[in-house]
Amino acid sequence: MIEVSHCDFIYNQGKSQVKVYDDFNLTIEQGESIVLIGPSGCGKSTLLYLLSGLQKPTAGKIQILGDSVKGTRQKTAFILQEYGLFPWLTVEQNVSLGLRVRHTVKRSYKPLVEEMIQKMGLGEVKHNFPSQLSGGQRQRVALARALTLQPDLLLMDEPLSALDALTRERLQGLLLEIWQEQKLTTVLVTHSIEEAVFLGSRILVLLDGRPTKVVGEITNPLVGKSGYRQTEEFFQKTSYVRSLLERGGLDESAR
Amino acid sequence: MNLQGKVFQGKSWGYLGAIVFLLALWQYAAWSLQTPLLPTPQAAIAATIRLLEADLGKHFWVSTYRVVLSTLTAFLIGLPLGIIMGYEDRIDRFLAPLVYITYPIPKIVFLPLILLFLGLGDGSKIFLITFIVFFQILVTTRDAVRKVQSETISSLRSLGGNRFQVYRYVLLPASLPDVFTSLRLSMGTAIAVLFFAESFATTEGLGYFIMDSWSRAAPDEMFAGIIMMALLGVGLFIVVDFFDNIFCRWQHLNGYKEGK
């Protein structure tokens with residue numbers, strides 16, 4: 001589905017150049033749920049921006065379903081950090097904006113938007129503005145907006161990081177449901193080890209090395225099984241991810 | 001009564017109180033100074049009513065026309081140009097030095113020159129007010145657009161938005177609250193400039209009316225002009241607030257409260 005081949009990404013910081021990716025390769029199969037985990041500034045978000053087409057790799061190429069990514073793509077939905085909602089639009093207007101900028105006629109998107117608002121439990125607040133919503137509601141607006149685009153690839157940049165524990169668990173469940181139901185390919189960035197193991201069918205542990213290194217790749221076949229969070233397997237996976245992150249931390253101090 | 005109604009009523013009482021307070025202050029000053037130069041509020045209001053039946057209304061509308069047309073023109077040029085300068089670095093790099101150097105120059109000193117080129121009619125007055133207000137709106141709008149976070153723009157682009165749509169759906173709505181603030185401030189400036197421009201070589205407008213009454217030593221008539229000038233200012237302020245409430249409704253909300 002997604003083929004990242006020999007990608008470099010360099011950005012200019014003042015006069016110096018920072019090499020975030022050097023000859024980076026990654027293959028993602030259709031229907032996978034990839035989680036990227038790693039310390040702040042390790043280039044996780046950059047990878048999402050590259051996949052979304054908002055940023056272009058300095059060298060190399062990215063292909064999705066055989067087509068090179070040149071700019072944003074119709075079937076990719078991207079939920080940015082802090083949800084990327086527009087404070088001047090109501091919930092309903094935010095949810096329909098993706099379809100509006102794609103020049104969909106109102107008559108045809110209205111039912112879809114309404115369906116998504118109901119599905120995400122936003123019916124009562126659909127005429128409210130984002131500032132009047134709780135963090136969890138805002139995240140659900142962002143999800144609703146992404147899903148109205150009927151994407152085949154959903155990118156999420158720390159979607160749940162600002163939420164309280166219970167809301168967070170509830171939304172993790174919702175994300176899992178959406179992923180299983182719609183057979184979406186998802187790529188999610190997180191700081192939380194627990195979240196990574198709960199949501200990722202494959203977990204990539206990234207470390208900031210300038211360029212970024214993938215220090216671990218964990219397949220997680222049991223993801224989505226009910227009660228997974230309470231199993232021994234789940235505990236082992238989280239410990240393993242933690243050890244990879246910690247070992248990276250040691251490397252850091254040794255350098 | 002719903003909450004909005006109550007808030008509105010509360011506000012109305014506040015305004016009424018302010019008016020009563022100002023009138024009382026005026027009354028007190030008139031009584032204690034005992035000079036023919038400062039008439040009592042009653043005398044001024046009586047003169048206003050009397051003169052409105054004559055030609056004060058005409059002067060009021062001429063002034064309103066001048067100030068509204070020029071502010072509108074300044075707005076319609078300053079807003080798009082400010083948004084473009086705030087977003088397009090290449091254009092800003094070219095225009096910013098020009099704005100930076102010309103903005104602090106008091107444009108009002110060009111009045112003689114403007115009178116020379118545009119004549120004594122409405123044109124020169126409208127041009128001068130537009131010229132001054134334009135800069136205020138331009139600079140505020142540009143700075144407001146610069147404050148827009150790149151993530152907000154990325155968010156729209158990720159939905160498939162093109163360059164035009166970034167303007168339409170992000171930059172314009174994001175800058176509007178600041179634009180309305182600058183419009184409010186500009187109203188004060190616009191009316192001050194209007195008064196100045198109308199006190200020269202003209203026979204129409206409130207500025208002329210006030211200066212003419214003054215030179216005829218008719219203080220109650222002069223105050224009638226001042227009252228109309230004040231009403232013009234307050235009226236325009238209310239109009240700006242009205243549009244602000246419509247277009248920036250999201251700015252005037254109570255935020256999310258836990259457990260609502």
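Student: How do you know which strands of chain A belong to the antiparallel sheet, and in what order do they stand?

Tutor: Happy to start there, with the reminder that this is a predicted model. Two strands pair if DSSP finds at least two bridges between them. Following such pairs in chain A gives an open sheet of four strands, in the order S2-S1-S4-S5, with antiparallel pairing.

Student: What makes S1(A) and S2(A) count as a pair?

Tutor: Strand S1 (residues 2–13) of chain A and S2(A) share nine bridges in the antiparallel sense. The rule asks for at least two, so S1(A) and S2(A) pair, with nine bridges between them. To see one position, look at Ile10(A), which stands opposite Lys19(A) in S2(A).

Student: Why are S2 and S5 of chain A called edge strands?

Tutor: Strand S2 (16–28) and strand S5 (67–68) of chain A each pair on one side only. There is a helix to add to the picture as well: H1 (residues 44–52) of chain A lies across S1, S2 and strand S4 (59–64), and runs at about 65 degrees to S2(A).

Student: Why is the pairing of the six-stranded sheet in chain A called mixed?

Tutor: Strands of a sheet can pair either parallel or antiparallel. The open sheet S6-S7-S8-S3-S9-S10 of chain A has mixed pairing, and two of its pairs show this nicely. Strand S3 (residues 33–37) and strand S9 (residues 202–207) of chain A run parallel and are joined by four bridges; Ile37(A), for instance, has Val205(A) in S9(A) as its bridge partner. S9(A) and S10(A), in contrast, pair in the antiparallel sense over six bridges, with Arg202(A) partnered by Thr219(A) in S10(A).

Student: What lies between S9(A) and S10(A)?

Tutor: The two strands form a hairpin with five residues between them. In the turn, Arg210(A) has a positive phi of about 50 degrees.

Student: And what makes S6 and S10 of chain A the edges of the six-stranded sheet, in the order given?

Tutor: In that order, S6-S7-S8-S3-S9-S10, strand S6 (76–79) and strand S10 (213–219) of chain A each have a single partner strand, so one side of each is left without a neighbour in the sheet. Neighbouring strands of this sheet are turned by 15 degrees against each other on average, direction ignored.

Student: Why is the link between Glu92(A) and Lys110(A) called a salt bridge?

Tutor: The nitrogen and oxygen of these side chains are 3.8 Å apart. The cut-off is 4 Å between a Lys or Arg nitrogen and a carboxyl oxygen of Asp or Glu, so the Glu92(A)–Lys110(A) pair at 3.8 Å qualifies. Glu92(A) lies in helix H2 and Lys110(A) in helix H3 (residues 106–119) of chain A, so the pair ties together parts that are 18 residues apart in sequence.

Student: How many salt bridges does that rule find across the interface of chain A and chain B?

Tutor: Zero, although the whole structure has 22 over all chains. Between chain A and chain B there are five residue pairs in polar contact, with both residues at pLDDT 80 or more. By class, the side of chain A that touches chain B has 12 nonpolar, nine polar and three charged residues.

Student: How do you know how much area chain A and chain B bury between them?

Tutor: The size of an interface is often given as the accessible area lost when the parts come together. Here chain A and chain B bury about 2,100 Å², 65% of it on carbon and sulfur atoms. Trp88(A), Val101(A) and Gln132(A) supply 30% of the area that chain A buries against chain B, more than any other three residues.

Student: What makes up chain B itself?

Tutor: Chain B has 10 helices and zero strands.

Terms used: Residues are numbered from 1 along each chain as its sequence is written. Chains are lettered from A and ligands numbered from 1 in the order in which they are written. This is a predicted model: local features need pLDDT of at least 70, side-chain atom pairs count only at pLDDT 80 or more; totals for chains, interfaces and linings use all residues. Side-chain values use heavy atoms; hydrogens and water are left out. Axes are lines fitted to C-alpha atoms, for helices over the stretch in contact, and angles run from 0 to 180 degrees between N-to-C directions. Buried area is the accessible area (1.4 Å probe) that two parts lose on being put together, summed over both. A polar contact is a pair of N or O atoms within 3.5 Å; within protein, one must be able to donate a hydrogen and the other to accept it, and residues adjacent in sequence count only if both atoms are side-chain atoms. Ala, Val, Leu, Ile, Met, Phe, Trp, Tyr, Cys and Pro count as nonpolar, Asp, Glu, Lys and Arg as charged, and the others, Gly among them, as polar. Contact means heavy atoms within 4.5 Å.
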